[in-house]
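Trainee: Got a minute to go through this one with me? I'd like to talk about a pocket and some helix packing.

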Amino acid sequence: MFGLEALDLARIQFAFTISFHILFPAITIGLASYLAVLEGLWLKTRNDTYRDLYHFWSKIFAVNFGMGVVSGLVMAYQFGTNWSRFSDFAGAVTGPLLTYEVLTAFFLEAGFLGVMLFGWNKVGRGLHFFSTVMVAIGTLISTFWILASNSWMQTPQGFEIVNGQVIPTDWLAIIFNPSFPYRLMHMATAAFVATAFFVGSSAAWHLLRGKDNPAIRTMLSMAMWMALIVAPIQAVIGDFHGLNTLKHQPAKIAAIEGHWENHGDEATPLILFGWPDMKEEKTKFAVEIPYLGSLILTHSLDKQVPALKEFPPEDRPNSTIVFWSFRIMVGLGFLMIFTGLWSLWLRKRDTLYTSRPFLYLALWMGPSGLIAILAGWFTTEIGRQPWVVYGLMRTADASSNHSFMQMSITLIMFVVVYFALFGAGLGYMMRLVRKGPKISEGVETPDGGPGKKRTPARPLSAADDSADADHGDDDLRVTKEI
C-alpha cells in the first residue's frame, strides 16, 4: 500500500509515538525548574503572587507528568517488539543506560513528587522546597541518560563487536561520546525555551481577554525574560552542535544544506530555500547566498562543506525532509529571538502588558518551542539514516520480523488510542490553563512538620479550610483525574 513495507510502518509508528512522547518531557523539564524558581522566590520575598503561580502550574505539571510517563512506557516496549534485532545488537549499551535513568532520575522524581504535589501544608517549607528542587533535578538527570543513549547511537564509541553484538569496553567513553555534550545542552535549553513560550502564551491569552492581575503579569514577564536571554544562547549552542555534526556525520550536514556537489575550489554557498530532489540529485529552485555556507559551517570563506554526491546513494539521508525540518526549527528560533527583543523594547516603554499586537504574537508563539523540538528531532533522527547506530547497523537490519499486516494493525491502533487518550489529557490541561491562577490575598501558609496541627497521621488524611488547603485539594483532584 502506497509503496510502503513493514519496515516503513515500523519507522512511522516509532516516529508517531516518539513525537507524542517528546512533547511531555520537554514541558515537564521546563515546568519543574519553573516551579522550583517560583517557590524559591516565594520563600525569599513572601510575595503571594509566586505562591499562587506555583499552585497553578503544579496542577498542569501533574497532568503533563502523568502523560509523559504513560507515553514513555510505550517507547521502551517498542525496542523489544518492533526493533528486536537492534536490541540484540546494541542492548548491552542502551539497556544499562536506560536502567540508570530509572534507578536515578525516575526514582528521584517518584520519591519527591508526592511531597511536592500534596505536601504544601503537610511538611515544612524547607522540605517542600527541597522536594520541588529534587523533582526538577530528576527531570534533568533523566534528560542526561536518555540523551547519552541516543547520542551514542549518533556517535558510537567505547565498545567492541563480539559475535555480532556490541560489548562495552569504556563506559565513560560511551556516555560522554562526541555528540553528547552538545545534544544534551541543546535539548535541555530547548525544553526551557519551549516552556517559556507556553507560559508566556498562557499569560497573553488571559491579558487579551481582560484578565489582568499581578500573577498574569508575572507569568508574561518571567517568560519573556527567559526568551530574551535563553533563545540567543540556544542559537549559539546550535552552532556548536552543527560543527560537531559536520565532523562526525558529514552526510547529515550535506542533506540539511541540500548541498549535492562542490565545484573546484569554490566556497560552499548557503541554500536558503529550495527543493532537494533525491532522484535527480540536485536542489531545485535554490535560492543561494555565496560563501555563507562555508562561513557558517567552517567559520572560513574558503573551506568547502562535504557534498551528498561524495557519499554512496545508499548512505545518503533524505535531504528533502531534513532540509525543511531544519529550516522550520531555525526559522522558529529566529522568531523566538525577535519576540524576546520586542518584549524588551515594550518593557522599556511600559507597554509590555497592553500591546495587543505583541500579545497576539506571544499567544501564537505558544506551541513554537514544541514544534521546533519536533523539527529538530526529525532532523537529527532522519538525518542519521540509513543507520540506526551510525556506521555500524542499518535501520533495515534492526527491525523485527513482522508482517505488513501486523504493523498496519498496530499503527492504526496507536493512532486511535493516542489521539483519544492524549487528546483528552491535553484538552484537560488546556482547560486548566484557561482557568488561570487562583489569587489568594493576604493568606499566610502555615508551617507543617512534626508536632504541628496540620501534620497528617497518614498520607493525605489531613484537611484544611484555608485558601492554601484549597490549592492542595485541587492538586489532589487533578491527580485523581489523571
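Mentor: Sure, here's the pocket, then a helix pair.

Mentor: This is a predicted model, so local features need pLDDT of at least 70 and side-chain atom pairs count only at pLDDT 80 or more, while totals for chains, interfaces and linings use all residues. Residues are numbered from 1 along each chain as its sequence is written, and side-chain values use heavy atoms, with hydrogens and water left out.

Trainee: Which residues lie nearest the centre of the second largest pocket?

Mentor: His 186, Gly 238, Phe 326, Met 329 and Val 330, out of 48 lining residues. On a 1 Å grid over the protein atoms alone, a pocket is an open set of points where a 1.4 Å probe fits, with protein on both sides within 12 Å along at least five of seven lines, and lining residues have an atom within 4 Å of a point.

Trainee: What supplies the largest share of that lining?

Mentor: α7, with 11 residues. Helices here are DSSP runs of H or I, at least four residues, numbered from the N terminus.

Trainee: New topic: at what angle do α2 and α3 pack?

Mentor: About 160 degrees, with the axes 12 Å apart. That makes α2 roughly antiparallel to α3 (over 145 degrees). Axes are lines fitted to C-alpha atoms over the stretch in contact, and angles run from 0 to 180 degrees between N-to-C directions.

Trainee: Which residues make the contact?

Mentor: Among them are Phe 61 and Phe 65 of α2 and Leu 98 and Phe 106 of α3; contact means heavy atoms within 4.5 Å.

Conventions: Helices (H or I, at least four residues) and strands (E, at least two) are DSSP runs, numbered from the N terminus. Angles under 35 degrees count as roughly parallel, over 145 as roughly antiparallel, 65 to 115 as roughly perpendicular and the rest as oblique.
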